[in-house]
Amino acid sequence: MSFRLNGVGLTHANGFAALKGITLLAEKGERIALIGPSGAGKTSLLSVLGTALEPTDGLAEVFEFDQNFWDTSAIKALRARIGTVHQSPPIPGRQRVVTAVLAGKLGQWPAWKSLASLVYPLDIPGARAALERVDLADKLFARCDELSGGQLQRVGIARVLYQQPELILADEPVSALDPALALATIRLLTADAEACGATLVASLHAVDLALGNFPRIVGVKAGRIAFDLPSERVTVPMLHELYASEGEQLPIQAHEPHFLSQAPANDAATRAKCC
Ligand SMILES: Nc1ncnc2c1ncn2[C@@H]1O[C@H](COP(=O)(O)OP(=O)(O)O)[C@@H](O)[C@H]1O
Ligand SMILES: [Mg+2]
């Protein structure tokens, strides 16, 4: 088991219930896409899985630790096993790209090594190899504030490739990339997770990216799980229902314009295939 949420609710300090009764279990090595309209609770769900937010109802377990252990020294070791890719990576602008990538292993290294690496990068070949995979090796010594939003997202992905965590949590990891690069980057992330036996949970705006690259799809709506299905069983009507609050158009990538729009909306047998 990688994680288990049992009846998890999350009510924010202002009283807003962002998650309600979420029950979700992932075995080690599963690749899961979270889809759903803006405000559905995808980021909140990833924050609970990353142990950044503690549920206010129910029980969350990540690896072998339930939330009752999250305020002990165990949490540092726990978080070293989790890699997070943020939509807008929280990387200090003045930091060099090499240091940002090496930061992926700070939680795994002893304190002396982490400190030393901040002063002088200790594993430059490792950082370069990770950056090569996202086609950014030439930016190894660039400052992060010299990069575009899309390049920064790829640095965030290189960091997690370098970290090699057991659980990867990616929150709209390719939202700043053009469709072709987004597809290539998602394929890289899913292939790496598969090769390493890591569990991957990614929230994605484009449903075709989700359906084409993830075996399991979790639809989230208004803080609840609307469906949790193998991707081949997700139908076009289910997607329209999920995104009903966002109008007629489903959020898809531009380079696959016909795959959903030509499907008859009421044909339950129609499979939302893509890519
Ligand atoms: N810190 C917070 N305080 C109050 N409400 C919040 C907070 N964070 C998120 N929310 C609300 O919780 C809901 C779910 O947000 P979020 O998890 O970011 O959704 P998504 O990632 O699917 O867009 C939204 O209505 C959002 O406004
Ligand atoms: Mg979000």
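## Ala222 and the β9–β10 loop

Ala222 is partly exposed, because 15 other C-beta atoms lie within 10 Å. This residue sits in the loop between β9 (216-221) and β10 (224-230). The phi of Ala222 is near 50°, a positive value in a residue other than glycine. Most residues other than glycine have a negative phi. The model is predicted.

## Other positive phi values

Glu172 is not a glycine either, yet its phi is positive, about 45°. Its place is the loop between β7 and α7. Glu172 counts as buried because 20 other C-beta atoms lie within 10 Å, and 20 is the lower limit for that class.

Three helices are followed by a residue with positive phi. Thr51 comes just after α1, with a phi of about 65°. Asp135 follows α5, and its phi is near 65°. Gln164 follows α6, and its phi is near 50°.

## Ligand 1 and helix α1

Which residues surround ligand 1? The shell consists of His12, Asn14, Phe16, Ala18, Gly36, Ser38, Gly39, Ala40, Gly41, Lys42, Thr43 and Ser44. By class, three are nonpolar, eight are polar and one is charged. Helix α1 (residues 42-49) gives the largest share, three residues.

Helix α1 is itself mostly covered, with six of its eight residues buried. These are Lys42, Ser44, Leu45, Leu46, Val48 and Leu49. Lys42 and Ser44 are thus buried in α1 and also belong to the shell around ligand 1.

## Two domains

The protein chain is divided into domain 1 (1-81 + 166-275) and domain 2 (89-164). Their C-alpha centres lie 25 Å apart. Contact between them involves 13 residues of domain 1 and 12 residues of domain 2.

On the domain 1 side, α2 (74-80) and α7 are the elements that give two or more residues. The largest share, five residues, comes from α7. The residues on this side divide into nine nonpolar, one polar and three charged.

## Helix α5

Helix α5 covers residues 124-133, and Ala127, Ala130 and Leu131 are buried there. Seen down the axis of α5, these buried residues fall within an arc of 100°, so they line one face of the helix. Their cover includes α3 (97-102) and α6 (149-163).

## Helix α6

How many of the 15 residues of α6 are buried? The count is 12, and the helix is mostly covered. The buried residues are Leu152, Gln153, Arg154, Val155, Gly156, Ile157, Ala158, Arg159, Val160, Leu161, Tyr162 and Gln163. What covers them includes β6 (82-85), α3, α5, β7 (167-171) and α7 (179-196). Helix α5 is thus part of the cover of α6, and α6 is part of the cover of α5.

The length of α6 can be checked. At 1.5 Å a residue, its 15 residues should span 21 Å. The expected span uses one less than the number of residues. The end C-alpha atoms of α6 are 21 Å apart, which agrees.

## Gly9 in strand β1

Gly9 lies in strand β1 (residues 3-11). It counts as partly exposed because it has 18 C-beta neighbours inside 10 Å. Leaving aside residues up to four places away in sequence, Gly9 touches Ala17, Leu19, Lys20, Gly21, Pro55, Thr56, Asp57 and Gly58.

Pro55 is one of these contacts. Gly9 and Pro55 are 46 residues apart along the chain, and their C-alpha atoms are separated by 5.7 Å.

## Ala244 after α9

Ala244 is found in the segment after α9 (236-242). Is Ala244 buried or exposed? Ala244 is exposed, because 11 other C-beta atoms lie within 10 Å, and the exposed class takes in residues with 12 or fewer.

Gly58, one of the residues touched by Gly9, gives a reference point for Ala244. Ala244 and Gly58 are 186 residues apart in sequence. In space, they are 28 Å apart, C-alpha to C-alpha.

How values were computed:
Residues numbered from 1 in each chain as written. Chains lettered and ligands numbered in written order. Predicted model: local features only at pLDDT ≥ 70, side-chain atom pairs only at ≥ 80, totals over all residues. Near = placed C-beta within 6 Å. Helix = DSSP H or I, 4+ residues; strand = E, 2+ residues; numbered from the N terminus. Nonpolar A, V, L, I, M, F, W, Y, C, P; charged D, E, K, R; others polar. Arc of directions from axis to C-beta. Contact = placed C-beta atoms within 7 Å. Domains from an automatic or database assignment.
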